[in-house]
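Me: I'm new to this structure and would like a close look at a single part of it, the sheet and what sits around it. Could you walk me through that slowly?

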Amino acid sequence: MYIYKITNSINGNSYVGLKTSTVEESESYYGSGKLIQDAIKKYGKHNFTKEILERDIVSFELLCERERYYIQLYNTKENGYNMTDGGLGMHGYKPTEEHKRNMRKALSGENHPRYGKNGVKMTDETKLKISEKAKLRKGRPVSEETRRKISESLKKRKS
């Protein structure tokens, strides 16, 4: 496991990331963050250099900690391509106005639940079948065991 930094040779902006495989296994890997991916598409991969900041990290917890350290050290969240504080989480992420608009659009547009997989619109017949099944379930008593399982599942999600 290792920490890497990708730097744009045109504008100097960087991205810090972590990888759980070895350096050799992921030689061509240049990050999965949206901003770094957009930048690579715009400028071309040949205009980016990859630098290994730290390698052979033995625990995932330490890997996440080191990623947060380097993102702060190089200030790649404010002046680079990192969108979060690091450590494989959304901590520190503040959606841009564009992202908020896109989320609203996704909820009201073709990605809305009234559409099926991959944005393909469901037929009226399919919608009717789903509706009928929902009506059959509605008002049906739920056993104590099922309630307990649902409660446990929700508790796990919150923590």
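Reply: Here is a walk through the sheet, its helices and a few side-chain pairs.

First, some ground rules: this is a predicted model, where local features need pLDDT of at least 70 and side-chain atom pairs count only at pLDDT 80 or more, while totals for chains, interfaces and linings use all residues. Residues are numbered from 1 along each chain as its sequence is written, and side-chain values use heavy atoms, with hydrogens and water left out.

Along the sequence, the protein chain reads β-β-α-β-α-α-α-α. Helices (H or I, at least four residues) and strands (E, at least two) are DSSP runs, numbered from the N terminus. The three strands form an open sheet in the order β2-β1-β3, with antiparallel pairing; two strands pair if DSSP finds at least two bridges between them. β2 (14-19) and β3 (48-54) are at the edges with a single partner strand each, so one side of each has no neighbour in the sheet. On average, neighbouring strands here are turned by 25 degrees against each other, direction ignored. (Axes are lines fitted to C-alpha atoms, for helices over the stretch in contact, and angles run from 0 to 180 degrees between N-to-C directions.)

Now look at β1 (residues 2-8), which pairs with β3 over six bridges. One of the residues to find is T7, whose bridge partner in β3 is T49. Helix α1 (residues 34-43) packs on this sheet, touching β1, β2 and β3, and its direction makes about 145 degrees with that of β3. Contact means heavy atoms within 4.5 Å. Helix α2 (residues 60-74) also lies across β1, β2 and β3, running at about 175 degrees to β2.

β1 and β3 are linked by side chains too: K5 and E51 meet in a salt bridge at 3.9 Å, N to O. That term means a side-chain nitrogen of Lys or Arg within 4 Å of a carboxyl oxygen of Asp or Glu. K5 sits in strand β1 and E51 in strand β3, 46 residues apart. K5 counts as buried because its relative accessibility is 11%, whereas E51, at 38%, is partly exposed. Buried means under 20% relative accessible area, exposed over 50%, and partly exposed in between (1.4 Å probe, protein chains only).

Over on helix α1, K34 forms a salt bridge with D38, their closest N and O atoms being 3.0 Å apart. These two are four residues apart, so about one helical turn separates them. K34 is exposed at 52%, while D38 is partly exposed at 32%.
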